[in-house]
Amino acid sequence: MRLPDGGRAFALEGEPDLKANIAGYDIVRSASLANGMFTLDERIDTVGGEIAVARIPAERDALTTAKARAPRIVASVDTRRRWDINAIDPPGATQLRAIEAIFAKSIADDPEEASGYTSRASLRSGVGDRRGAVADLTHAIAITPTIDLYLQRSTESHELGDMAAALKDAEAARALDPSSQQAIGQLSDLKAEGGDMPGALALLDQRIALGGSMRNAFREAKAGLLGEYGDVTAALVLFDSLIADKPGSPSLMNGRCWAKGTRMVMIDSALKDCTGAIELSTDTSGPLDSRAMVWYRLGKYEQALADLDAVLASTPNQAESHFMRGIVLVKSNRRPEATKEFAIARRLLPSVDRRYARYGIKAD
């Protein structure tokens, strides 16, 4: 792997070389970082045979240790991120043009294969060329229409502000599979955002009425939808019911915290919900972001900033946290830093201003 900027500011951590037998596998590995190039050569062979029961704890420990010591490339804090690129190469660079050329050749070599278009769409979306992504997804859908492709194009259109196209694609995805949880969720959210709350709820209520293993998932989606666009009191009643059925669920506690924070109701108990979700979650970025919202509502900007910094340390591409960090920085009289945060948030998620405006939170 050729690293950016000649490999400057990149470091190799972990154990680069390994020769061991672990859990029935022979593992031989060598790794190096030199002259801007990371090289990894690894071979894993199954050797067969059983592991004695008495050896299982030791083998598990050896495997865990090997994983923890696996080599990894660590970049410096100021390394260029994808949101620093505006769909074109920065001065003196040729990386994006080179990648585009590779994709163009792949597509030209087999124009009836969708993967070239979908891969290029992913690149273009990642660097902010959402119109280019829509064009590629349109080609891919013409070749192989799938739920995922329709939903991807729906998402891109939504970020471009084309709600009609986003809704049409979400409906096309659901038509391919009326039971798809992802398609129903995206379609109901778009309907609610567009003002058709009865239609959005009808989609979810239909699936809830069918019962089955997915019933509570659709009930949770309904609670979230009500909290975001509808009757927040009804949302909290539904969250309470779901939590009573499944105590200690971090996603439900986070959902209830977010509804309270964004809609400014029952703020006194919102912190408890968020903190409980943080304590029970393996991935704390969601509930930390929610708690930051509650701290903001309480005027506790220092605590809000601490939670947002923790989110972005582990999930630096979370647009919503960048946006809220900008809001908190404005309140803390740190406008230049806030401006940078808003720019990152908008590049990652162009719809971010629209979303937070619903909560009465505006950047300017």
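**Exercise 1. Helix 11 and its end**

Just after helix 11, Met264 takes a positive phi of about 55°. The model is a predicted one. Starting from this residue, work back into helix 11: check its length, then decide whether it is mostly covered or open.

*Solution.*

Step 1. Find the expected span. Helix 11 has 14 residues, and at 1.5 Å a residue it should span 20 Å.

Step 2. Compare with the model. The end C-alpha atoms of helix 11 are 20 Å apart, which agrees with the expected span.

Step 3. Count the buried residues, where buried means under 20% relative accessible area. Eleven of the 14 residues of helix 11 are buried, so the helix is mostly covered. Among them are Leu252, Met253, Cys257, Trp258 and Thr262. Arg256 and Lys260 also belong to the buried set.

Step 4. Name the packing partners. The buried residues of helix 11 pack against helix 9, helix 10 (232–245), helix 12 (267–280), helix 13 (285–297) and helix 17.

**Exercise 2. A link between two helices**

Find how many disulfides the model has, and state which parts of the chain are tied together.

*Solution.*

Step 1. Recall the bond type. A disulfide is a covalent bond between the sulfur atoms of two cysteines.

Step 2. Apply the cut-off. The sulfur atoms must lie within 2.5 Å. Cys257 and Cys274 meet this, with an S to S distance of 1.7 Å, and the count comes to one disulfide.

Step 3. Place the two ends. Cys257 lies in helix 11 and Cys274 in helix 12, so the pair ties together parts that are 17 residues apart in sequence.

Step 4. Describe the link. The angle about the S-S bond is -75°, and the link of Cys257 and Cys274 is left-handed. Both cysteines are buried.

**Exercise 3. A charged residue in helix 9**

Decide whether Arg219 counts as buried or exposed, and list what it touches.

*Solution.*

Step 1. Locate the residue. Arg219 lies in helix 9.

Step 2. Use the cut-off for buried, which is under 20%. Arg219 has 10% relative accessibility and therefore counts as buried.

Step 3. List the contacts. Leaving aside residues up to four places away in sequence, Arg219 touches Ile208, Leu238, Ser241, Leu242 and Asp245.

**Exercise 4. Two pockets**

Describe the largest pocket and the second largest pocket by volume, lining and kind of residue.

*Solution.*

Step 1. Take the largest pocket. Its volume is about 1000 Å³. The lining has 31 residues, and Asp189, Gly224, Glu228, Tyr229 and Arg355 lie nearest the centre.

Step 2. Assign this lining to elements. Helix 5 (147–159), helix 7 (181–193), helix 9 (215–229), helix 11 (250–263) and helix 17 (352–357) each give two or more residues. Helix 9 gives the most, with eight.

Step 3. Sort the lining of the largest pocket by kind. There are ten nonpolar, twelve polar and nine charged residues.

Step 4. Repeat for the second largest pocket. Its volume is about 700 Å³. Of its 23 lining residues, Pro4, Asp5, Arg80, Ile85 and Gln95 lie nearest the centre. Helix 2 (residues 95–109) gives the most, with three residues. This lining divides into eleven nonpolar, four polar and eight charged residues.

**Exercise 5. The whole chain**

Summarise the protein chain by its helices and strands, its spans and its buried share.

*Solution.*

Step 1. Count the elements: the chain has 17 helices and five strands.

Step 2. Give the spans. Along its principal axes the C-alpha trace extends over about 60 × 55 × 50 Å.

Step 3. Give the buried share, which is 41% of the 364 residues.

Note on methods
Residues numbered from 1 in each chain as written. Predicted model: local features only at pLDDT ≥ 70, side-chain atom pairs only at ≥ 80, totals over all residues. Heavy atoms only, no water. 1 Å grid on protein atoms, 1.4 Å probe; cavity = no way out; pocket = protein on both sides within 12 Å on 5 of 7 lines; lining within 4 Å. Points joined across faces, edges and corners; volume = space filled by probe spheres on them. Helix = DSSP H or I, 4+ residues; strand = E, 2+ residues; numbered from the N terminus. Nonpolar A, V, L, I, M, F, W, Y, C, P; charged D, E, K, R; others polar. Expected span 1.5 Å × (residues − 1). Buried < 20%, exposed > 50% of the residue type's maximum accessible area, 1.4 Å probe, protein only. Contact = heavy atoms within 4.5 Å.
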